[in-house]
Amino acid sequence: MASILDEYEDSQNTRQTAHKHSRLSTANIGITHSGFVNVRLEEEKPIFNKQRIDFTPPERINHLAVCNNQLCMSLGKDTLLRIDLAKPDQPNQTELGRKDDSKVHKLFLDPTGSHLLISLSTSECLYLNRNTQKVRSLSRWRGHLIESVGWNKLLGNETNTGPILVGTSQGIIFEAEISATEGSLFNTNPDQYFRQVHSLEEDGKPAPICCLEIERGLENKYFIIATTRKRLFQFVGKVAEGSEQQGFSSIFSQNQDLLPSFQEFPANMGYSEITFYTSKLRTCPKAFAWMMGNGVLYGQLDYVRPDSLLSDVQVWEYTPDIDLSVNKPISIVLTQFHFLLLLPDRVKAICTLNGQVVYEDVFPDKFGSLKKMIKDPVGGLVWIYTERAVFRYHIQREARDVWQMYMSMNKFDLAKEYCRDRPECMDMVLAKEAEHCFQNKRYLESAKCYALTQNYFEEIALKFIEAKQEEALKEFLLKKLNNLKQSERTQITLLVTWLAELYLNRLGHLESDGNSIIFQETREEFRHFLNTSKHKECLFNNRTTIYDLLASHGNVDDMVYFSVVMQDYERVISHYCQHDNYSAALDVLSKHCDEKLFYKFSPVLMQHIPKQVVDAWIQMGKRLDPKKLIPALMNYSQMGSTQQISETIRYMEFCVYELNVTEEAIHNYLLSLYAKYKPDSLLLYLEQAGTHTSEIHYDLKYALRLCAENGYLQACVQVYKIMELYEEAVDLALQVDVDLAKSCADLPEDDEELRKKLWLKIARHVVQEEKDVKKAMNCLSSCDLLKIEDILPFFPDFVTIDHFKEAICSSLEEYNQHIEELKQEMEEATESAKRIREDIQEMRNKYGVVDSQEKCAACDFPLLNRPFYLFLCGHMFHYDCLFQEVTPHLSTYKQNRLEELQKKLAASTQSSKSRHRPAPKEDGDNSSLGKGNAGTSREHIKSDIDDIIASECVYCGELMIKTIDKPFIDPLKFEEEKSSWL
């Protein structure tokens, strides 16, 4: 038993493996110039792959049911074999325990594979749950031969079936519910209830209910399909939300007053069977196939339709080799595109798309006649059994040839859907669709399809040219162009040039026909083509060719547009200038802000629209170099146009005052414009430009010559002042105004001699030229360097003293006042010297008192034992203690200086000791002199040492303040200090 499913494989894995080996079908579609080569690399695997299970049953097989990978098999009279296909090596065998002559009539297994119903020929029914071994009798079901069961896919689970429908051989439909859990003490039956809800008839007599199916649609609408031998019934009704557990009786009660919707066929072979196709688990079926006496009725299921679930219904009539009196079909199974028909000795597969028999498999007689065919909706496997053998079919890559059928039916969208991952097949479909559209004169659609194929480009293009379909040809070229890679530059160049020619031809014809609306639409389309970023590189590299095409067609507007797209603004501006459209040219310049184009076209534009050009220049601001615009300005300003000159001055002023341009050429040119055309602004400009040569940006000599040539004396004076030629400035200013000369005379502030000289010039001019004594006296008050005696020589002899008596008296008074001030300063100096002498005498007599118990502030030893220092703050230190305290805080220079002084002091002390030895008598005077010099030197050294270490108290002075941010212990000696405490 363990080997029954040793070769079991998951159908999903089978499909994936088969998908990897997909190859082109051998069918010849008739496309002669496809770019793909039809080569079969390996043998194509069949769609329906039969495999016999290595299993020899100990008894004959009566019935078999498979669902959700659970296989149940009735063997002999009383044996039931259950196998979990996920664990095929663990079969479970159960005895039914029937001692009478009852036989198993049918097996019904629910979608979860948990609930098994066993219909017996004695009109009894047994129940077996997957998780138990105990077979339980359904007492309420007794007396009814069960022919079909409609399972509840929504509410059914492993322990409860939910409300289900049961069909009997007498045409009665019952509603029931089975629970696998143990009931109460008084109710141990698994069947919860069993009540009749409807009955069906044929020809006025009860008819066995062959199949039942329950499906739920939208908005809680339920569809119930029931079949008899030659009728198919549909019941449609709504169940209130939340009341699904109450069952389906409400649906049948809604149809009591009306005859149920049904389809009937005349032939009767004693039974019928309906099967459904579901694409995914736990979803509603999409298609159905009903095997009955006249053939197979198949179609789609439409859950939106209000009255009927069936749509697109077709009938496949039995082939002549199927004789209902000899070899009636036994079972039917529906797949995505086929239905399999089981005959007593063979299996036929019929394609639902075209009704053709695509597969036939004959079983040998040694296995006996075929009894039943079942499909597992979970695994997708089809199971067939005889009394002595079990077979299964793997269905793999069922849709691989569907595209051909759809294509032959001219359903190209569906054909493309099923060969999306097979480019060689997609190419055939597209080619066939393109040819079909071309023959039906749907040229634009044909062009779109041809562009996606690998057919010869030249052949297709000639085809449209011969048909005189330029629009279709253009569409084909556009699509082909969009499909090209960027690396295919030659092909892109060819197509872009060709398309440009087609567009221009089309525009020419439309313009001549006067069709303005279509002309405008075509022009917009053409411009969009020219502006496509994908082909911009190609258009740019071949812009000369495009320009030539545009020029040959006389299409000036589009040539301008193309120039803008290519950013060839020079050509655009030249075009506008040639047609005297200067405003448009300036608009292009202003929009794209190309400095080089501004420099090139400004002379032409300045001649005709100076104000707008200057406005554009000002808007450009610092992006333009004013120096490069001077040639255009100078050229047209010399022609004498008032507007051009005023606009030139406006732009020059903008450069100088707004942009702060420092170019000398700009300032010199502005000066020349002011001198020639706007003299009122000349002096103001010179004054605002600055008074120092470092601030000046124009040529002073050029400005001086310009002002002198035009007779602007005041401007010349301003230039002289900047050049610091004060004498020339004063001389020239005296020709204009004395006050101007006075302002010039005060400029050399650091040179009093020059100032006096300049003021004397002014005084001489006032006295000798103007002969105005009062002005001369004003000069004395204006300049403090001049005295009355300086200007007296300028007066003539006949002038009386009365005119300048006041000035002489004032001068004498000033002299007297100055003398008094000097006397006062001398008295104050004498008093200050006296006070200083008194302070020095007081300091010499100052002293301090030290008690004998006083101790050193550093070492805490008695102070009087060694030489010490006493500070005004009261701190007292031994000499050596103060030396040690101060030295670490001194700078390197002072430390070196202190060390040097100590060495000198030690040397002088040693020299003093050697002089105390006996010496020759005649050298006594010299010795005394040397001793005095040595003592003076030692005192001087000590004084220097004191200045270094005793200049201030080490605890109260700046040294202590400077050490506030230093640690108490030197980081270099921290470890040593730390160890001393241990």
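C716 is buried, with a relative accessible area of 3% in this predicted model. C716 takes part in no disulfide. The nearest cysteine sulfur belongs to C707 and lies 5.0 Å away. A disulfide requires two cysteine sulfur atoms within 2.5 Å, so this pair does not qualify. The structure as a whole holds 0 disulfides. C211 is likewise in no disulfide. For C211, the nearest cysteine sulfur is that of C210, 6.1 Å away. C211 counts as buried, at 11% relative accessibility.

C707 also appears among the contacts of L686. Leaving aside residues up to four places away in sequence, L686 touches L671, Y698, C707, A715, Q718, V719 and I722. L686 belongs to the largest nonpolar core, which has 69 residues. L686 is one of the residues with the most contacts inside that core. The others named are I573, L605, W617, Y651 and Y698. A second core is separate and has 42 residues. Y443, A472, I492 and V565 are among them. In soluble globular proteins, nonpolar side chains tend to be buried together.

Attention turns to the second largest pocket. Its space amounts to about 650 Å³. The lining of this pocket consists of 18 residues. P888, H889, P967, F968 and D970 lie nearest the pocket's centre. Two elements, α30 (879-886) and α33 (958-962), each give two or more residues to the lining. By class, 10 lining residues are nonpolar, 3 are polar and 5 are charged.

Note on methods. Residues numbered from 1 in each chain as written. Predicted model: local features only at pLDDT ≥ 70, side-chain atom pairs only at ≥ 80, totals over all residues. Heavy atoms only, no water. 1 Å grid on protein atoms, 1.4 Å probe; cavity = no way out; pocket = protein on both sides within 12 Å on 5 of 7 lines; lining within 4 Å. Points joined across faces, edges and corners; volume = space filled by probe spheres on them. Helix = DSSP H or I, 4+ residues; strand = E, 2+ residues; numbered from the N terminus. Nonpolar A, V, L, I, M, F, W, Y, C, P; charged D, E, K, R; others polar. Core = buried A, V, L, I, M, F, W, Y, C linked by side-chain atoms within 4.5 Å. Buried < 20%, exposed > 50% of the residue type's maximum accessible area, 1.4 Å probe, protein only. Contact = heavy atoms within 4.5 Å.
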